[in-house]
Amino acid sequence: MVERAHKPSAISPSTAAPQPSVQSERDRIIATLPTGDSVEVLLYGATVVSWKSNGKENLWVSSAAKLDGSKPVRGGIPVVFPCFGPPPKDHATGKLPQHGFARNSKWEYMGKNSSESGKLASGGDDSVTMDFGLSAQQLSDESKQAWQYDFDLIYSVTLGKDGLQTMLRIHNKGKESFEFQTLLHTYFKIDDISKVQINGLGSINYIDKVLDASEQTQSDPTIRITGETDRVYKDIKQDTTSVLLDGKPRFDVIRDNLEDTVVWNPWIEKANSIGDFEPKDGYKNMVCVEAGAVN
């Protein structure tokens with residue numbers, strides 16, 4: 001069980017306005033604001049699988065995604081920890097699966113809170129925060145054997161009237177230091193990939209995994225997705241990366257204490273090769289813009 005300094009407190013009652021509701025189901029937690037905006041989080045992987053605002057779904061989830069805890073979810077916001085991608089064989093994470101164990105472990109729901117810190121957590125009927133915990137004791141025997149460190153993770157998901165905030169706190173409880181990578185592998189749902197522009201990464205160096213992991217520089221201030229894209233933008237000073245659709249703002253990804261961003265779209269051939277990526281032309285309706293520390 002994960003311990004934290006600030007225990008969940010009940011949302012302050014108010015006679016002036018309806019309050020957010022949090023519903024606990026067998027395998028997921030669903031929070032809803034009085035406006036109807038909502039967020040849905042699976043306990044498996046603490047994966048956000050739905051975020052709706054103004055009646056519109058903001059996250060893409062494959063129609064073939066497994067939501068039963070049998071494998072990591074294809075879509076939504078998987079939590080990547082403690083490694084990104086296939087780990088180097090000679091590293092401490094070398095025996096772990098791609099993207100680590102956080103996204104395929106069952107997390108503990110620690111409760112709701114209306115007073116946590118954060119830009120969106122204003123309390124009252126405007127926002128609600130849900131906390132999820134994962135400790136070394138909760139890992140599978142296989143993961144414990146592969147990564148023998150003592151740690152706690154607390155993942156806070158705040159639904160507010162102005163957006164969705166996710167915050168991951170990592171606590172090393174052991175005597176040994178450890179290196180880690182972490183990433184929020186966000187799949188945004190969009191209407192038409194040909195009309196998407198991504199701003200805020202101009203002049204940034206990146207690793208292009210499609211071009212043999214060569215280092216490139218983003219010369220154009222605007223990124224357009226016209227083919228398979230798999231890039232790790234490094235050491236970004238600007239804190240906001242914006243996704244525009246047809247020239248109009250759609251999403252702002254705001255980083256705090258995370259200096260890297262991954263931009264990913266599988267396009268035609270890669271989508272066809274991924275077994276749980278459905279529909280196969282789903283690449284036209286999604287783009288991943290992922291805040292993390294993976295460099």
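This report covers the cysteines, one strand hairpin and the two largest pockets of a predicted model.

## Cysteines

The whole structure holds zero disulfides. Take Cys 83. The closest cysteine sulfur to its own belongs to Cys 288, and the gap is 17 Å. That is too far for a bond, because a disulfide needs two cysteine sulfur atoms within 2.5 Å. Cys 288 is likewise in no disulfide, with the sulfur of Cys 83 as its nearest.

Are these residues buried or exposed? Cys 83 is buried, at a relative accessible area of 1%. Cys 288 is buried too, at 0%.

## A hairpin of two strands

Strand E18 spans residues 240–245, and strand E19 spans residues 248–254. The two run antiparallel. Six bridges join them. Thr 241 stands opposite Val 253 of E19.

Together E18 and E19 make a hairpin. Two residues lie between the strands. In the turn, Asp 246 has a positive phi of about 55°.

## The largest pocket

The largest pocket has a volume of about 1200 Å³. It is lined by 39 residues. Closest to its centre are Leu 164, Gln 165, Thr 166, Ile 254 and Arg 255. Several strands give two or more residues to this lining: E4 (48–53), E10 (163–172), E11 (182–184), E19 and E21 (286–293). E19 is also a strand of the hairpin. Which strand gives the largest share? E10 does, with eight residues.

By type, the lining of the largest pocket has 18 nonpolar, twelve polar and nine charged residues. Two domains take part. Domain 1 (20–189) and domain 2 (191–294) each supply at least three residues to the lining of the largest pocket.

## The second largest pocket

The second largest pocket has a volume of about 510 Å³. Its lining counts 24 residues. Nearest its centre lie Arg 74, Gln 98, His 99, His 185 and Trp 264. The lining of the second largest pocket divides into eleven nonpolar, four polar and nine charged residues.

Where does the second largest pocket lie? It lies between domain 1 (20–189) and domain 2 (191–294), because both give residues to its lining.

Technical notes. Residues are numbered from 1 along each chain as its sequence is written. This is a predicted model: local features need pLDDT of at least 70, side-chain atom pairs count only at pLDDT 80 or more; totals for chains, interfaces and linings use all residues. Side-chain values use heavy atoms; hydrogens and water are left out. Buried means under 20% relative accessible area, exposed over 50%, partly exposed in between (1.4 Å probe, protein chains only). Two strands pair if DSSP finds at least two bridges between them. Helices (H or I, at least four residues) and strands (E, at least two) are DSSP runs, numbered from the N terminus. On a 1 Å grid over the protein atoms alone, a cavity is a set of points where a 1.4 Å probe fits but cannot get out, and a pocket is an open set with protein on both sides within 12 Å along at least five of seven lines; lining residues have an atom within 4 Å of a point. Grid points are joined across faces, edges and corners, and a volume is the space filled by probe spheres set on the points. Ala, Val, Leu, Ile, Met, Phe, Trp, Tyr, Cys and Pro count as nonpolar, Asp, Glu, Lys and Arg as charged, and the others, Gly among them, as polar. Domain bounds come from an automatic or database domain assignment.
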